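User: Please take a close look at the salt bridges. Which side chains pair up, and how is each partner placed in the fold?

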Amino acid sequence: MDPPDWLERRQVAVYAVAVVLAVGVGVGRPAAASWIERLIDPTLAVLLYVTFLEIPFVRLRRAVSNGRFLAAALGMNFLIVPVVVWGLTRFLSGRPTVLVGVLFVLLTPCVDYVITFTELAGGDAEQITATTPALLFVQLLLLPAYLWLFVGRDVAAVIEAGPFIEAFVALIVLPLSLAWLTELWAERSARGDGWQRAMGWLPVPMMATTLFVVIASQLPRVRGSIAGIATVVPIYVAFLVVMPLLARTATRSIGMDVREGRALVFTSVTRNSPVILPLALALPAGYELVPAVVVTQTLVELMGMVVLTRVVPAWLLPESDVATPGVQSG
């Protein structure tokens with residue numbers, strides 16, 4: 001058994017250790033949160049780099065032309081998700097600050113570590129990668145519209161393109177370009193091939209590192225606001241349960257293959273909280289609770305993703321689920 005396979009078989013145990021250590025640091029050393037937080041973007045960038053190395057670029061080129069998956073991903077994230085979020089947040093109408101935080105984070109699909117979670121669950125990670133520009137662009141356009149529709153124009157007016165563009169360049173364009181150059185190097189050099197093989201060890205350790213960095217740095221943000229944000233935890237848990245089931249239904253209705261279906265599940269359920277947090281921190285006075293609401297989603301989601309990387313391939317969309325005859329992955 002090669003080392004990457006050995007690690008992937010034990011990934012849940014590795015992640016559990018990372019979460020326990022992160023909680024210990026977050027609770028026992030809250031003063032360390034500020035400098036640990038600076039590691040989030042670099043850690044995500046390395047995580048995405050080693051994930052992209054797992055994707056042959058010939059398959060990525062094919063994925064770009066798969067209009068059916070792109071349409072399904074856009075439909076789930078920008079038609080189905082808003083309806084689900086609207087239904088889940090009806091009882092928050094009397095708490096506008098909390099509602100804004102929930103809307104900020106649940107209406108924006110993830111475009112970074114969703115790729116790694118999809119890969120770990122045996123999903124079509126190249127399809128997710130190919131859809132990231134469209135998902136990022138459309139959420140930038142539609143988030144103000146949804147906020148205006150759900151809570152009014154004052155909140156919608158604070159949305160800026162900067163954090164979205166910076167995240168796309170730092171967390172998608174740069175790691176993807178480096179992975180492509182590494183693949184070219186590996187094709188032409190034994191040293192490059194050795195480097196690429198060595199990087200095969202890193203997806204699981206880097207995901208564990210990401211869990212540690214995010215939870216350890218963000219847990220102190222929510223400790224002082226537990227009473228104010230307790231009501232959002234059931235919403236986030238319900239979202240983690242409802243969206244995979246709806247994505248599975250869509251997968252079977254469209255006739256996607258198993259790998260595409262798993263990718264659709266993860267893009268439907270994983271949210272863009274690392275990008276949204278700077279926007280939440282930039283909100284005007286009166287919205288001080290919003291960052292804690294966003295961070296709470298991150299903590300709930302990361303633990304939920306650890307579960308879904310096992311539940312999706314084992315139960316929700318196992319290998320025995322096949323696409324409609326004649327329908328193949330892009």
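Analyst: A salt bridge here is a side-chain nitrogen of Lys or Arg within 4 Å of a carboxyl oxygen of Asp or Glu. The model is predicted, so local features need pLDDT of at least 70 and side-chain atom pairs pLDDT 80 or more, while totals for chains, interfaces and linings use all residues. Numbering runs from 1 along each chain as its sequence is written, and side-chain values use heavy atoms, without hydrogens or water.

First, the setting. The chain has 18 helices and 0 strands (DSSP runs numbered from the N terminus; helices are H or I of at least four residues, strands E of at least two). Its C-alpha atoms fill a box of roughly 60 × 45 × 35 Å along the principal axes. Of the 330 residues, 53% count as buried (under 20% relative accessible area; exposed is over 50%, partly exposed in between, with a 1.4 Å probe and protein chains only).

Now the bridges. The structure holds 6 of them. Take R68 and E260 to begin with: their side chains meet at 2.6 Å, N to O. R68 sits in helix α6 and E260 in helix α16, residues 258-269, so this contact ties together parts 192 residues apart in sequence. The ends differ in cover. E260 has a relative accessible area of 0%, and therefore counts as buried. R68 is at 26%, so it is partly exposed.

Helix α16 also supplies R259, which bridges to E126 in helix α9. The N to O distance for R259 and E126 is 3.7 Å. This pair joins parts that are 133 residues apart in sequence. Here too the acid is covered: E126 is buried at 4%. R259, at 30% relative accessibility, counts as partly exposed. This bridge does not stand alone. D124, E126 and R259 are linked in a network of salt bridges.

A further contact of helix α16 runs through R262. Its partner is E319, with the closest N and O atoms 3.4 Å apart. E319 lies in the segment after α18 (290-316), so the pair ties together parts 57 residues apart in sequence. In this case the base is the covered end. R262 is buried at 3%. E319 is exposed, with a relative accessible area of 57%.

Helix α9 deserves another glance, beyond E126. It spans residues 125-150 and also carries Y146 and F150, which lie 4 residues apart, about one helical turn. Y146 is buried at 15%, and F150 is buried at 19%. Their ring centres are 6.3 Å apart and their planes meet at 25°, so the pair is stacked (rings of Phe, Tyr or the six-membered ring of Trp, centres within 6.5 Å; planes under 30 degrees apart are stacked, over 60 edge-to-face, the rest tilted).

By this rule there are 2 aromatic pairs. The other is Y113 with F117: edge-to-face, 5.5 Å between centres and 80° between planes. Y113 and F117 are 4 residues apart in helix α8, residues 113-120, and about one helical turn separates them. Y113 is buried at 1%. F117 is buried too, at 0%.

To sum up helix α16: E260 reaches α6, R259 reaches α9, and R262 reaches the segment after α18.
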